[in-house]
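Colleague: I would be grateful for a close look at a single part of this model, namely its aromatic ring pairs. Please then set that part within the rest of the chain, in terms that a first-year student can follow.

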Amino acid sequence: MLNPKWLTTFETLVTTQSFTKTAECLFMTQPGVSQHIKKLEDALGETLIYREGKQFELSQAGIMLTEYIASQKQLKETFLAQLKEDSPNQGPIRIACSGAMAMKLYPLLLAHQQQHPELSVHLEAAPASRIHALLMDNSIDIGISTQPIAHPSIEETLVGKESLCLVVPSQSKVDAQDYDALCRLGYIQHPDASHYADLVLSKNYPKHYRGLDGFRDRGYVNQLAQILLPVSQGLGFTVLPEGVIDSFTESSKLSCLPLTHPVYQPVYLAQKRYRNLPQRYQTVIELIKKAVA
């Protein structure tokens, strides 16, 4: 690191072209100015000025150092300007959320980006544990999850809730009270299958439900957009958030059984507790609330 005081002395000397004026400007003695220049030359291992009586000429190294100092000042000015500039319609939007939420939120974010091309949307569909990790290492600015993270560095806000639906093929005509008919139909497995089934089936069929082992295994798929495809073809039933069903292209082939005890999942918006979000996230948060609603 070059001593900033030496650099200031050199810059002032180049500007004033006078050791005397430099000393006056910096409230130094002329020998003190000469000493700073000498220390700077020793640090760089280069001669910076050639003296000619009371005048001097810059060496090639001196010219390069002058340009370097100017470039550093420009970088500092640019940085300070960017630091104070917080455009609501410019910059990256970095979010992670569940796959179900991504299906609802992503189209809204893309529509927002189309209106403001200086924005860039980065959305990752991930489980709660992954969202937590991404927040902690600052890879994302916002996480949306139905499971609270409960970490002292994370601030969470309840922004809404989403309904869980028991989805059957419309052709099956299963009665909502007929648990045996569900067992015969069989369950379409997916990454959140056990979690969703425990929430919905245990509450609505408490006398019968003992876990997914009581159902025929009718297959597994980990692509959220494809989970409802086997259901629409009559191969089984499943439990998913309502938003996934609304986004399915052949929703007419599906039926959501009326539940005696509807089940809702809370939706939390999480961010780092000590990091203020840029202005551009104000609109994004409103879009998230709209997606949840």
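Modeller: Two rings of Phe, Tyr or Trp are counted as a pair if their centres lie within 6.5 Å, and a pair is called edge-to-face if the planes are over 60 degrees apart. Please keep in mind that this is a predicted model. By that definition, ring pairs connect Tyr179, Tyr187, Tyr205, Tyr209, Phe215 and Phe237 into one cluster.

A search of the whole structure finds seven aromatic pairs. One of them is formed by phenylalanine 19 and phenylalanine 56, with 5.9 Å from centre to centre and 80 degrees between the planes, an edge-to-face arrangement. This pair links distant parts of the chain, for phenylalanine 19 belongs to helix H2 (residues 19-26) and phenylalanine 56 to strand E2 (residues 55-58), 37 residues apart. Phenylalanine 19 and phenylalanine 56 are each buried.

A second example comes from the cluster. Phenylalanine 215 and phenylalanine 237 also form an edge-to-face pair, with centres 5.3 Å apart and planes at 70 degrees. Phenylalanine 215 is in the loop between helix H8 (193-204) and strand E8 (217-220), while phenylalanine 237 is in the loop between helix H9 (228-232) and strand E9 (238-241), so the pair ties together parts that are 22 residues apart in sequence. Phenylalanine 215 is buried, as is phenylalanine 237.

A ring may also meet a charge. The ring of tyrosine 264 has the charged end of lysine 161 over it, at 4.3 Å from the ring centre.

The strands around these rings come next. Strand E2, which holds phenylalanine 56, is joined to strand E1 (residues 49-52) by four bridges, and E1 and E2 run antiparallel. Within this pairing, leucine 58 in E2 stands opposite isoleucine 49. E1 and E2 form a hairpin with two residues between them, and glycine 53, in the turn, has a positive phi of about 70 degrees.

Strand E6 (residues 154-169) is joined to strand E11 (residues 263-272) by ten bridges, again in the antiparallel sense. One of the bridge partnerships places isoleucine 154 with lysine 272 in E11. E6 also pairs with E9, antiparallel, over four bridges, and here leucine 166 has valine 239 in E9 as its bridge partner. Three bridges connect E6 with strand E10 (residues 254-256), likewise antiparallel; proline 169 is bridged to leucine 254 in E10.

Leucine 158 is found in E6 as well. Its C-alpha atom is separated by 6.9 Å from that of proline 266, although leucine 158 and proline 266 are 108 residues apart along the chain. Unlike the buried phenylalanine 215 and phenylalanine 237, leucine 158 is exposed, with a relative accessible area of 55%.

Two loop residues deserve a remark about their backbone. Most residues other than glycine have a negative phi. Phenylalanine 27, however, has a positive phi near 55 degrees; it lies in the loop between H2 and helix H3 (30-44) and is exposed, with a relative accessible area of 79%. Lysine 173 is not a glycine either, yet its phi is positive, at about 50 degrees. Lysine 173 is found in the loop between E6 and helix H7 (179-185) and counts as exposed, at 71% relative accessibility.

A helix offers another view of the chain. Helix H5 (residues 99-115) has 17 residues, which should span 24 Å at 1.5 Å a residue; the end C-alpha atoms are 25 Å apart, which agrees. H5 nevertheless has a kink of about 35 degrees at leucine 105, shortly before proline 107. The buried residues of H5 are Ala100, Met101, Ala102, Lys104, Leu105, Leu109 and His112, and leucine 105 is thus both the site of the kink and among the buried residues.

Finally, the whole chain. The protein chain has eleven helices and eleven strands. Its radius of gyration is 32 Å, well over the 19 Å that the globule rule gives for 293 residues, so the chain is more spread out than a compact globule. The C-alpha trace spans about 105 × 35 × 30 Å along its principal axes. Of the 293 residues, 41% are buried, and phenylalanine 19 and phenylalanine 56 are examples of buried residues.

Technical notes: Residues are numbered from 1 along each chain as its sequence is written. This is a predicted model: local features need pLDDT of at least 70, side-chain atom pairs count only at pLDDT 80 or more; totals for chains, interfaces and linings use all residues. Side-chain values use heavy atoms; hydrogens and water are left out. Rings of Phe, Tyr and Trp (its six-membered ring) pair if their centres lie within 6.5 Å; planes under 30 degrees apart count as stacked, over 60 as edge-to-face and the rest as tilted. Buried means under 20% relative accessible area, exposed over 50%, partly exposed in between (1.4 Å probe, protein chains only). A charge sits over a ring if NZ of Lys or CZ of Arg is within 6 Å of the ring centre and within 35 degrees of the ring normal. The expected span of a helix is 1.5 Å times one less than its number of residues. The bend at a residue is the angle between axes fitted to the seven residues ending there and the seven starting there. Two strands pair if DSSP finds at least two bridges between them. The radius of gyration is taken over C-alpha atoms; the globule rule is 2.2 Å times the number of residues to the power 0.38.
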